[in-house]
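This report walks through the fold of one protein chain, helix by helix and strand by strand. The sequence and the structure are shown first.

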Amino acid sequence: MVGYGPEDNHFVAELTYNYGVGEYRLGNDFLGLTLVSSQAVTNAKKMGWPLKEVTAGIFEVEAPGGYKFYLEDKEELRQDPVLKVTLGVSNLQKSVNYWSDLLGMKIYEKDEEKQRVLLGYADNQCKLELKTVGGAVDHGTAFGRIAFSCAKEELPHIEALMKKENQKILTPLVSLDTPGKATVQVIILADPDGHEICFVGDEAFRDLSKVDPNGDKLLDDVSNAGRAFAVFLITDTRRIQF
């Protein structure tokens, strides 16, 4: 789990290595991650990492495996530099109805011309951008899921709402034991385009998501061993109640 700070108040990404898999076919489901960080732009230039300026002050960079990142060359005024995650959708209005009307996200921006909508649960959190891809959403072979934490008392209500609205539930509400740590409650849904959405009980999740003081060293050890991280699993943490 990597990010710019603790999961209680920062967006994090989970990188997963799958043994024996040399590559993945990317689809058009995950369209990119946007960071507001002049330092990230400076770092990329120092490393000689290819940068493509797609608009004034915004650079596109490609991570190993082909995943897109967009770096805004601005001073980091936010606590968390991660601005938004962009997902492809086939029917923008249908997706907005799902994420806003059913899951309770607030609409922050809507651009009819560019066929995009920006949503979120709170002003100070990473946002979710939905963007029309002009056809069916292809998840390829490397898709992950978005995760949100919420009060565990909300989880049964989320499950009941999805059942009432005949929405897809991939994993019904379940308790997952972690030896030596907390037992977390989880429910996993799928939106109209098959994007997986995980809601996890916040109280137990706080225990599981504590920052490991040896995290940087452990990551370096794995990287030095030559193991490539193959699957990009998008994760968010804090959300407000609805």
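In this predicted model, helix α3 spans residues 155-164, and Leu-155, Ile-158, Glu-159 and Met-162 are its buried residues. Seen down the axis of α3, these buried residues fall within an arc of 95°, so they line one face of the helix. An α-helix has 3.6 residues a turn, so residues three or four places apart point the same way. On the other side of α3, His-157 and Lys-164 are exposed. The buried residues of the helix pack against α2 and against the strands β11 (145-150), β12 (169-176), β13 (184-190) and β14 (196-201). Just after α3 comes Asn-166, which takes a positive phi of about 55°.

Of the strands that α3 packs against, β11 has five of its six residues buried, so it is largely enclosed by the rest of the structure. Strand β11 pairs with β14 in the parallel sense over six bridges, and Ala-147 stands opposite Cys-198 in β14.

The other sheet to consider is open and has eight strands, in the order β4-β5-β6-β3-β7-β10-β9-β8, with mixed pairing. Its edges are formed by β4 (52-55) and β8 (106-111), each of which has a single partner strand, so one side of each is left without a neighbour in the sheet. On average, neighbouring strands of this sheet are turned by 25° against each other, direction ignored. Within the sheet, β5 (residues 58-62) and β6 (residues 68-72) run antiparallel and are joined by five bridges, with Phe-59 standing opposite Leu-71 in β6.

Helix α2 (residues 92-102) packs on this sheet, where it touches β7 (82-89), β8, β9 (116-120) and β10 (127-132), and its direction makes about 160° with that of β10. Buried residues of α2 are Leu-92, Ser-95, Val-96, Tyr-98, Trp-99, Ser-100 and Leu-102. The N-terminal end of the helix is capped by Asn-91, a side-chain oxygen of which lies 3.3 Å from the backbone nitrogen of Gln-93. After α2 follows Gly-104, with a positive phi near 80°.

The largest nonpolar core has 41 residues, and those that touch the most other members are Trp-99, Leu-103, Leu-189 and Phe-199. Helix α2 gives the most to this core, with five residues. Leaving aside neighbours within four places in sequence, the contacts of Leu-189 include Tyr-98, Leu-103, Ile-158, Met-162, Ile-197 and Phe-199. Another core, of nine residues, lies apart from the largest one, and Ala-147, Val-200, Ala-204 and Phe-205 are among its members.

Which residues does Thr-86 touch, not counting those up to four places away in sequence? Thr-86 has its place in strand β7 and is buried, with a relative accessible area of 6%; the cut-off for buried is under 20%. The residues that Thr-86 touches are Asp-29, Phe-30, Leu-31, Gly-32, Glu-129 and Lys-131, and the side chains of Thr-86 and Glu-129 are joined by a polar contact of 2.6 Å.

The two distances given above are listed together here.

| Atoms or groups | Distance |
|---|---|
| Asn-91 side-chain oxygen to Gln-93 backbone nitrogen | 3.3 Å |
| Thr-86 side chain to Glu-129 side chain | 2.6 Å |

Terms used: Residues are numbered from 1 along each chain as its sequence is written. This is a predicted model: local features need pLDDT of at least 70, side-chain atom pairs count only at pLDDT 80 or more; totals for chains, interfaces and linings use all residues. Side-chain values use heavy atoms; hydrogens and water are left out. Two strands pair if DSSP finds at least two bridges between them. Helices (H or I, at least four residues) and strands (E, at least two) are DSSP runs, numbered from the N terminus. Axes are lines fitted to C-alpha atoms, for helices over the stretch in contact, and angles run from 0 to 180 degrees between N-to-C directions. Contact means heavy atoms within 4.5 Å. Buried means under 20% relative accessible area, exposed over 50%, partly exposed in between (1.4 Å probe, protein chains only). A polar contact is a pair of N or O atoms within 3.5 Å; within protein, one must be able to donate a hydrogen and the other to accept it, and residues adjacent in sequence count only if both atoms are side-chain atoms. A nonpolar core is a set of buried Ala, Val, Leu, Ile, Met, Phe, Trp, Tyr and Cys residues joined through side-chain atoms within 4.5 Å. The arc is that of the directions from the helix axis to the C-beta atoms.
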